[in-house]
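Where does this protein leave empty space, and what surrounds it? The report below covers the open and closed spaces, then the elements around them.

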Amino acid sequence: MLKSYYNADAVEAGLDEVGRGCLAGPVVAAAVILPKDYTHPILNDSKQLSHRQRELLKQDIERDAIAWAVAEVSHEDIDRINILKASFLAMHRAVDALTVKPEHLLVDGNRFVPYPMTPHTCIIKGDAHYLSIAAASVLAKTYRDDLMAQLGLEFPAYGWAQNVGYPTPIHRAAIRQFGPTKYHRMSFRLL
């Protein structure tokens with residue numbers, strides 16, 4: 001059972017990102033503030049859920065959250081500043097977009113660039129421990145998966161509807177055959 005909060009005395013936002021290891025498309029982050037007593041029977045790390053479960057959860061999270069936001073950093077910016085900085089920037093943008101100001105940030109992972117005037121705690125595999133981080137992982141993943149499927153309509157050979165930009169054999173074979181697209185991260189080893 002995932003925990004409802006880390007800090008009972010603060011308005012807490014869970015943060016997670018998706019798409020760091022992809023060869024194409026943006027990195028996407030989400031921030032979610034859930035009610036303190038929130039529970040959900042299937043909310044978990046998005047990687048442990050089916051596509052259908054994530055889509056249903058997305059609706060529940062967007063309805064039940066006190067506040068939520070999704071933000072992205074483009075492949076061009078990733079190439080310019082690097083993927084780690086881009087991941088932190090996407091998380092900061094998600095916090096910026098929240099309609100309620102959090103008093104504490106619960107961040108998935110082991111590193112974070114401090115957000116101004118807001119304490120944070122990094123939790124390794126936090127999406128498997130805290131509901132707010134799991135909720136953020138679901139919103140970030142569903143957003144990015146949908147975006148990559150849309151971009152994939154323009155470049156169907158790369159299989160983005162299935163691999164969402166990760167370096168699968170089909171994706172690499174398409175790069176080998178057709179070269180990179182305008183959405184590829186040129187600072188990454190594409191082949």
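The largest pocket has a volume of about 510 Å³. Its lining counts 25 residues, and those closest to the centre are Asp16, Glu17, Lys47, Asp108 and Asp127. The model is predicted.

Which elements build this lining? β1 (12-18), α3 (83-97) and α4 (131-154) each supply at least two residues to the largest pocket. The most comes from α3, with 4 residues. By class, the pocket lining holds 10 charged, 8 polar and 7 nonpolar residues.

The structure also holds closed space. There is 1 cavity of 30 Å³ or more. The largest cavity has a volume of about 40 Å³. Ser4, Tyr5, Glu12, Leu34, Lys36 and Ser132 line the largest cavity. General background: a probe the size of a water molecule, rolled over the atoms, shows where empty space is left.

The two spaces are set side by side here.

| Space | Volume | Nonpolar lining | Polar lining | Charged lining |
|---|---|---|---|---|
| Largest pocket | about 510 Å³ | 7 residues | 8 residues | 10 residues |
| Largest cavity | about 40 Å³ | 2 residues | 2 residues | 2 residues |

Next, the strands. β1, which contributes to the pocket lining, is joined to β4 by 4 bridges, and the two run parallel. In this pairing, Gly14 stands opposite Leu106 in β4. On β4 there is a further partner: 4 bridges join β4 to strand β5 (residues 120-123), again in parallel. Here Asp108 stands opposite Ile123 in β5. Asp108 is also one of the residues closest to the pocket centre.

Is strand β4 mostly covered or mostly open? Strand β4 (residues 104-108) is mostly covered, with 5 of its 5 residues buried. His104, Leu106 and Asp108 point one way from β4, while Leu105 and Val107 point the other way. Side chains in a regular strand alternate between the two faces of the sheet. Both sets in β4 are buried, each residue being under 20% relative accessible area.

Last comes the helix α4, another contributor to the pocket lining. How far does α4 reach from its first C-alpha to its last? The span of α4 is 36 Å over 24 residues, close to the 34 Å expected at 1.5 Å a residue. Helix α4 is mostly covered too: 17 of its 24 residues are buried.

In short, Asp108 links two parts of this account. Asp108 is among the residues closest to the centre of the largest pocket, and Asp108 is buried in β4.

Notes. Residues numbered from 1 in each chain as written. Predicted model: local features only at pLDDT ≥ 70, side-chain atom pairs only at ≥ 80, totals over all residues. Heavy atoms only, no water. 1 Å grid on protein atoms, 1.4 Å probe; cavity = no way out; pocket = protein on both sides within 12 Å on 5 of 7 lines; lining within 4 Å. Points joined across faces, edges and corners; volume = space filled by probe spheres on them. Nonpolar A, V, L, I, M, F, W, Y, C, P; charged D, E, K, R; others polar. Expected span 1.5 Å × (residues − 1). Buried < 20%, exposed > 50% of the residue type's maximum accessible area, 1.4 Å probe, protein only. Pairing = 2+ DSSP bridges.
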